[in-house]
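Here are my comments on the model you sent, set out point by point. Please read them with the coordinates open beside you.

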Amino acid sequence: MTPEINTQYWQQAFIATNLLAIGYNAWIGYLGGERGVVICSTNSPHLSMAGETFKAHFIPRKNLAAFLNAWLAAPDTILLQRHFMNAHIIEAVDKYNPQKDVVFLLEYGHQAGFFYLTNLPITPPQCYQTVCKEWAEFQPQHTLSIGAKTRDHPTFLHVIASETK
């Protein structure tokens, strides 16, 4: 297997393994008010008894150009090798269907990959519902004086930590 094919397989496997968390982050970000992109870096994993976790961030469209320019300015980051990709990524964010698709950037080593995830087996709203339902199942039941139950949203998902900016 060539290194490029091996890298593509690893990226696809990472996305498949973490699709629920990626879709959750995309939907939470979209519910915050606008389209955007989910980014995840595998460069600084958090190690625990459950394995590795990675932080994910949702970058809203209004902040995306500045984020991409800053990321490209970093001397140790190569984003798809070409500056014209900024316009392509922004165009994808402007056109994707948040109900069905996800725009995803994955940083690994000194590179980053751009993924326009379509025809997903589970939609971002379904990812959100699944994570919230499963999260609630593992939380102690708190009862308020009026009898309502509270539910916190997850801070860490199975493999990807959720952090919306």
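The points below take up the salt bridges, then one strand and its partners, and lastly two individual residues.

1. The model is a predicted one, and its local features are held to a pLDDT of at least 70, while side-chain atom pairs count only at pLDDT 80 or more. Every remark that follows should be read with that origin in mind.

2. How many salt bridges does the structure hold? There are three, and I take each of them in turn, together with the exposure of the residues that form it.

3. R61 and D94 form one of these salt bridges, in which the closest N and O atoms are 2.7 Å apart. Because R61 belongs to helix 3 and D94 to helix 4 (residues 85-95), the pair ties together parts of the chain that are 33 residues apart in sequence. R61 is partly exposed, at a relative accessible area of 28%, and D94 is likewise in the partly exposed class, at 39%.

4. K62 forms a salt bridge with E34, where the closest N and O atoms are 4.0 Å apart; as the criterion asks for a side-chain nitrogen within 4 Å of a carboxyl oxygen, I would read this pair with that cut-off in view. The contact links distant parts of the chain, since K62 sits in helix 3 (residues 61-73) and E34 in the loop between helix 2 (19-31) and strand 1 (36-41), 28 residues apart. K62 is exposed, with a relative accessible area of 63%, whereas E34 is partly exposed, with a value of 22%.

5. The remaining pair to discuss is that of E91 and K95, whose side chains meet in a salt bridge at 3.0 Å, N to O. Both residues are in helix 4 and, because they are four residues apart, about one helical turn separates them. E91 is partly exposed, with a relative accessible area of 39%, while K95 counts as exposed at 60%.

6. Is strand 5 (residues 102-108) mostly covered or mostly open? The strand is mostly covered, with seven of its seven residues buried. This holds on both faces, one of which carries V102, F104, L106 and Y108, and the other V103, L105 and E107. A charged residue, E107, is thus listed among the buried positions, and a colleague working on the electrostatics may wish to look at it by eye.

7. Which strands pair with strand 5? Strand 1 runs parallel to strand 5 and is joined to it by four bridges, with S41 standing opposite E107. Strand 6 (residues 111-117) pairs with strand 5 in the antiparallel sense over seven bridges, and here E107 stands opposite A112. Strands 5 and 6 form a hairpin with two residues between them, and in its turn G109 has a positive phi of about 60°.

8. N119 deserves a look at its backbone, for it has a positive phi of about 50° although it is not a glycine. The residue lies in the loop between strand 6 and helix 5 (124-137), and its relative accessibility of 74% places it in the exposed class.

9. Finally, E52 is found in strand 3 (residues 51-60) and is partly exposed, with a relative accessible area of 40%. From C-alpha to C-alpha, E52 and T42 are 9.4 Å apart in space, and in sequence they are ten residues apart.

Key
Residues are numbered from 1 along each chain as its sequence is written. Side-chain values use heavy atoms; hydrogens and water are left out. Buried means under 20% relative accessible area, exposed over 50%, partly exposed in between (1.4 Å probe, protein chains only). Two strands pair if DSSP finds at least two bridges between them.
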